[in-house]
Amino acid sequence: MKLLHTADWHIGRTLNGYSLLNEQKHAFKQILQLAKDEKVDGIVIAGDIYDRSIPGTDAVTTLDSMLREINLTNKIPIYAISGNHDGAKRLNYGREWMEFTNFHLNTLLDEAFTPLETEDTQIFMLPFFDPMDARVYYKEQGMDEDDVKNIHTINDAMELVLADMYKLFAPNKKHLLITHFSVTPSADQEIELTSETSSKVGGLATLTASQFDKFDYVMLGHIHTRFASPSENIRYSGSPIKFNVKEARLKNKGKGVDIVNITPDKITTEFHEIRPQTDLIVLEETWETLLDPTFYKTQPTKSDWFAITVKNFDRSKHINVRAQLQEIYGTVVELDYENLRKDTTAKIADKNISELSPDSIVEQFFQSVTGNDLSKEQKRLVDSIFVDLRKED
Ligand SMILES: [Mn+2]
């Protein structure tokens, strides 16, 4: 069995207000062509298909035509799960009838316990979920109330989920997992090349590779670079395109997808690069250099996008800085000046409230307003409110 592993498409994403749709379409064409050339048995999309839970109409029509082209025009099966950016319930729309064309889509925890079976392989598809989802699920499964309340972290939840999956393992078959989480090589290691998500916050705490070692191969989404892959058999494909300047800065930046070849004796991974249509070029130069023709004539001006930091710059002495740079370079998606309170912007960008679990938002809010931590009783109350809310969802 041969699968193409990709993740984190984030269709509908913008970069400082600039749409990335054309770039995403360009990457998609290469992914589809590769799938056809390699005659794969399926395309795995390991979560964060859309950039947001309520995607814009242009994002919806773009994704629709991509999936149609894979699955209807080219009859290639799709194995997709939702990530933390997707709206699980919305994305679930059409799930049952899409099965008829081998478009397999899991967005809810309870769907993860029915693996897809081929003659020699079981494919488990575990969408992103948080500890609260696990509480709701296990409560519905009739788990003891006290045990349900002991599910606090994603580690607690994952232990239960994986144990239940292992029970379903058919002997003599290969076992694959598709999922969307931060997974590190070992417990004391933190992932530096994170997605926009800090690996330490709330329900998004990291998992460790050893938890998954009963699987023959794990295809991950969530972290946008394949260099964060925790092991040879537990792999991030990374996103097909660069989404921000931080990513463009990374030296080992080639974006792409994996071709995973599963045979009875071994599983091999082959990386295939996806070339950008419009690359994102990061420049950190002085004003004099930036305006010097001998410098900018060596740059892909007017074709690629630029993120520019002007070094040693006294802004008060210049006007229309952006206009001047755009005149030379074309699209300047980000303009920054050296020594201008970089610390504060970094902090704000780190604390993306949508990445926190609901209970930790309440905890942090309470902490910042009162200066005190929630008491045990208060925590219990917050927990039960969220469990009840989730049931109503
Ligand atoms: Mn992502």
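R249 and E284 form a salt bridge through their side chains, with 2.2 Å from N to O. Before going further: this is a predicted model. R249 sits in helix α8 and E284 in strand β16, so the pair ties together distant parts of the chain, 35 residues apart. Both ends are partly exposed. For R249 the relative accessible area is 36%, and for E284 the relative accessibility is 38%.

That bridge belongs to a set. The count of salt bridges in the model is 13. As background, side chains of opposite charge can pair when their charged atoms come close. I will go through two others.

K242 pairs with D279, and here the closest N and O atoms are 2.6 Å apart. Where do the two residues of this pair lie? Both are in loops: K242 in the one between β13 (234-236) and α8 (245-249), D279 in the one between β15 (267-273) and β16 (280-286). They are 37 residues apart, and again the pair links distant parts of the chain. The two ends fall in separate classes of exposure. K242, at 14% relative accessibility, counts as buried because the limit for that class is under 20%. D279 has 21% and counts as partly exposed.

The next pair is D383 with R135, a side-chain salt bridge with an N to O distance of 3.2 Å. D383 is in helix α14, residues 376-392, and R135 is in helix α5, residues 131-140. The separation along the chain is 248 residues, so this one also links distant parts. Are D383 and R135 buried or exposed? D383 is buried at 14% relative accessibility. R135 is buried too, with a relative accessible area of 4%.

Now the space inside the model. A search of the whole structure turns up three cavities of 30 Å³ or more. I will take the second largest cavity, which has a volume of about 60 Å³. Its lining consists of W9, I11, Q24, A27, F28, I31, M66, P240, I241 and F243. Which helix gives the most to that lining? Helix α1, residues 21-37, with four residues. By class, the lining of this cavity has nine nonpolar residues, one polar and no charged ones. The polar one is Q24, because Gln is not on the nonpolar list and not on the charged list.

From cavities to pockets. The second largest pocket holds about 560 Å³ of space. It is lined by 21 residues, and those closest to its centre are D64, L67, Y93, M98 and F103. Which elements supply at least two residues each to this lining? They are α2 (57-73), α3 (88-91), α4 and β6. Helix α2 gives the most, with seven residues. The lining of this pocket divides into 13 nonpolar, five polar and three charged residues.

Y93 has come up at the pocket, as one of the residues closest to its centre. Y93 is also part of a nonpolar surface patch, together with W97 and F100. The three have about 500 Å² of accessible area together. F100 is placed in the loop between α4 (95-98) and β6 (103-106). Its relative accessible area is 74%, so F100 counts as exposed, the limit for that being over 50%.

Last, two backbone angles. Most residues other than glycine have a negative phi. Two residues to look at against that background are K39 and N172. K39 is not a glycine, yet its phi is positive, about 50°. K39 lies in the loop between α1 and β4 (42-46), and K39 is exposed, with a relative accessible area of 67%.

What is the phi of N172? It is near 70°, again a positive value in a residue other than glycine. N172 lies in the loop between α7 (154-167) and β9 (174-180), and N172 is exposed as well, with a relative accessible area of 80%.

To recap the salt bridges by exposure: R249 and E284 are both partly exposed, K242 is buried while D279 is partly exposed, and D383 and R135 are both buried.

Methods. Residues numbered from 1 in each chain as written. Heavy atoms only, no water. Patch = residues over 30% accessible without salt bridge, like charges linked within 9 Å, V, L, I, M, F, W, Y side chains within 5 Å. Areas by Shrake-Rupley, 256 points an atom, 1.4 Å probe, with all protein chains shown as cover. Salt bridge = Lys/Arg side-chain N within 4 Å of Asp/Glu carboxyl O. Buried < 20%, exposed > 50% of the residue type's maximum accessible area, 1.4 Å probe, protein only. 1 Å grid on protein atoms, 1.4 Å probe; cavity = no way out; pocket = protein on both sides within 12 Å on 5 of 7 lines; lining within 4 Å. Points joined across faces, edges and corners; volume = space filled by probe spheres on them.
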